[in-house]
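Student: Could you take me through one part of this structure up close, and then show me how some other parts compare? I'd like to see how you reason from one spot to the next.

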Amino acid sequence: MDRDALDPPVRHPHPLRFVHAGQSRPGLSCSCIFGLTFNVTESHVSETAFIVDAIRSPSGRIKAGGAFTDLHPTELLGQVLQQLIQRNGIDPGQVGDVITGCVSQSGEQSATPGRVAWLAAGFPDHVPATTIDRKCGSSQQAIAFGVQGIVAGAHDIVIACGVESMSRVPMGSARMDQNPFGPSYAARYGAQISQGAAAERVAAKWNLSRDELDRYAARSHRLAAESDASGRFAREIVAIRSGGGVVERDETIRADSTPEKLAQLKPTFADERLRERFPEITDWRVTAGNSSQMVDGAAAVLLVSERMANRLGLKPRARFVGFDVRGDDPMMMLTAPIASSRAALAKAGMTVDQIDAFEINEAFAPVPLAWLRELQADPERLNPCGGAIALGHPLGASGARLTTTLLNHLEARGLRYGLQSMCEAGGMANTMILERV
């Protein structure tokens, strides 16, 4: 049944389409800066950005023998970029920018990995790249910046992507055993706690039991296994050549995972000093089994202006309805998706019931479960293909990975709107709303 037959279209302003303040007649605007006057055509100041394609690598385990443990991260991302260009038949020389999310920018990921990957893929050297670090939301922020560049008329084609080789560049390695916070931060908040400790605080605040967390984690694996077995991941995953051969499927999904098996795991972040500091933590509930997996992975999203899509005959797959980014208490750290999702919905003039699918990153099971309690969303619409507990969390690539999975789910089910939100270290979150076209 047509969704519009049940729910009338949302009457929000056209997403992210702006008219220059100085516009005096169609097709021409006038801007005055420092006494200089510029005429700007409408096509450069009033563009709509579309997703034309979104792909990802399989998720590879980081233990010895994992799918990509012998593959340089720029080679991993380079292969994803090659296939994104080839799938869509575009001239790589027309790409305006390659915006790359990457968190651990040290070692093999230290030299602007998107730029190195682009050149390693054999593409034109006049195309620039930059690297974004908004922690776990880095490549989601790359998407937002890419859209903003298109809307502003700076670019017609942007690739927003992300990569993280957690096997070759360990999480936290960029700190070089130094304290990144400094005395003034410590004076305001005290010693910074880990994300795992923050997950324990979230579980305690929302009274999420260990059994609830384990049941949710088992659900993530079950849904991911169903998506894998049915071939639903086939459109979003591209094959990657590695030392062990060609990798075409995620190697992180545990189809036989059950709450009973997960209940046997010991808590990971138990620390009596933490309990003394935060007495609301009465027992320990977060384990490796109800947390995201550390993996190697890359993902990329092709963003194109409406004008260029029409010129090249590219078929848009989704448009952007709204964005939000904001911070929250850094000592709770993982709760910002709640406020950010509410803000994104308000900006779009929408309600939670109008969203057909939600991708709330499963950094730890308490994150989507607390979000669900607060937003009162339909639980069946939450992470319907499984999430990072089953598919892994390749930090800088996760935002683009979520977008890829969300878009393919909307298309596979004939749904219209999707919302994705990422919690981020430091108590931040990115949220965006997509509309399938």
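Tutor: Sure! Let's start at Asp 177, which counts as exposed because its relative accessibility is 82%, and the cut-off for exposed is over 50%. Keep in mind as we go that this is a predicted model.

Where is Asp 177? Look in the loop between β8 (157-165) and α5 (182-189). Now check its backbone: Asp 177 has a positive phi of about 60°, even though it isn't a glycine. That's worth a second look, since most residues other than glycine have a negative phi.

Lys 135 is another residue to look at here. Its phi is positive too, at about 50°, and Lys 135 is not a glycine either. You'll find Lys 135 in the loop between β7 (129-132) and α4 (138-151). Is Lys 135 buried, partly exposed or exposed? With 31% relative accessibility, Lys 135 counts as partly exposed, because that class sits between the 20% and 50% cut-offs.

There's a glycine to put beside these two: Gly 89 comes just after α2 and takes a positive phi of about 60°. So let's step back into that helix. Helix α2 covers residues 73-88, which makes 16 residues, and spans 23 Å from its first C-alpha to its last, close to the 22 Å expected at 1.5 Å a residue. Of those 16 residues, 13 are buried, so α2 is largely enclosed by the rest of the structure.

Strand β12 (residues 318-327) tells a similar story in a sheet: seven of its ten residues are buried, so β12 is largely enclosed by the rest of the structure. What does β12 pair with? One partner is strand β15 (residues 428-436), antiparallel over nine bridges. Another is strand β4 (residues 49-56), also antiparallel, over two bridges. Zoom in on Ala 318 of β12 and you can see both pairings: Ile 51 stands opposite Ala 318, while in β15 the bridge partner of Ala 318 is Arg 436.

One last stop, back on a helix. Ala 339 is part of helix α11 (residues 336-348). At 34% relative accessibility, Ala 339 counts as partly exposed. Follow the chain on to Glu 374: that residue is 35 residues away from Ala 339 in sequence, yet their C-alpha atoms are 9.4 Å apart in space.

Technical notes. Residues numbered from 1 in each chain as written. Predicted model: local features only at pLDDT ≥ 70, side-chain atom pairs only at ≥ 80, totals over all residues. Heavy atoms only, no water. Helix = DSSP H or I, 4+ residues; strand = E, 2+ residues; numbered from the N terminus. Buried < 20%, exposed > 50% of the residue type's maximum accessible area, 1.4 Å probe, protein only. Expected span 1.5 Å × (residues − 1). Pairing = 2+ DSSP bridges.
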